[in-house]
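Q: Please take a close look at the nonpolar core of this model and at the loops beside the helices that build it. A connected account would be preferred.

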Amino acid sequence: MNENILGIIAGILTSVSMIPQLVKVIREKNVEDISLLMLLVLIVGLSLWVWYGFMKDELPIIISNSFAVLVNLSLLICYILYNKKT
């Protein structure tokens with residue numbers, strides 16, 4: 001198997017892991033069980049992976065982590081919208 005395809009598949013599988021959480025938050029409009037700190041650290045870490053991917057010109061790293069950033073930014077937006085502690 002081509003190593004780029006393997007990297008893309010691995011990246012996509014790990015990136016989609018947050019989609020069930022995002023769907024649950026959107027359906028229930030409840031973010032009480034979401035850690036804002038974890039979410040922020042994750043977004044920063046994934047963004048650094050995207051930057052690293054560009055530096056190394058590694059498409060699998062760029063694609064998978066960019067997707068993960070988008071999913072987690074969506075979760076962050078939901079957190080801001082649905083947080084009842086404000």
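**The nonpolar core and two loop residues**

A: In this predicted model, Met 18 touches Val 71, Asn 72 and Leu 75, when residues up to four places away in sequence are not counted. Met 18, Val 71 and Leu 75 also belong to the largest nonpolar core, which has 12 residues in all. The other members of this core are Leu 22, Val 25, Val 31, Ile 34, Leu 39, Ile 43, Leu 76, Cys 78 and Tyr 79. Two or more residues are given to the core by each of helix H2 (19-28), helix H3 (36-56) and helix H4 (59-82). H4 supplies the largest share, with 5 residues. In soluble globular proteins, nonpolar side chains tend to be buried together.

The loops between these helices each hold a residue of note for its backbone angle. Lys 29 lies in the loop between H2 and H3, and its phi is near 50°, a positive value in a residue other than glycine. Asp 57 is placed in the loop between H3 and H4; the phi of Asp 57 is near 55°, again positive in a residue other than glycine. Most residues other than glycine have a negative phi.

The accessibility of these two loop residues may be described in turn. Lys 29 has a relative accessible area of 46% and is therefore partly exposed, since that class lies between the 20% and 50% limits. Asp 57 has a relative accessible area of 66%, so Asp 57 counts as exposed, the limit for that class being over 50%.

Notes: Residues numbered from 1 in each chain as written. Predicted model: local features only at pLDDT ≥ 70, side-chain atom pairs only at ≥ 80, totals over all residues. Heavy atoms only, no water. Core = buried A, V, L, I, M, F, W, Y, C linked by side-chain atoms within 4.5 Å. Buried < 20%, exposed > 50% of the residue type's maximum accessible area, 1.4 Å probe, protein only. Helix = DSSP H or I, 4+ residues; strand = E, 2+ residues; numbered from the N terminus. Contact = heavy atoms within 4.5 Å.
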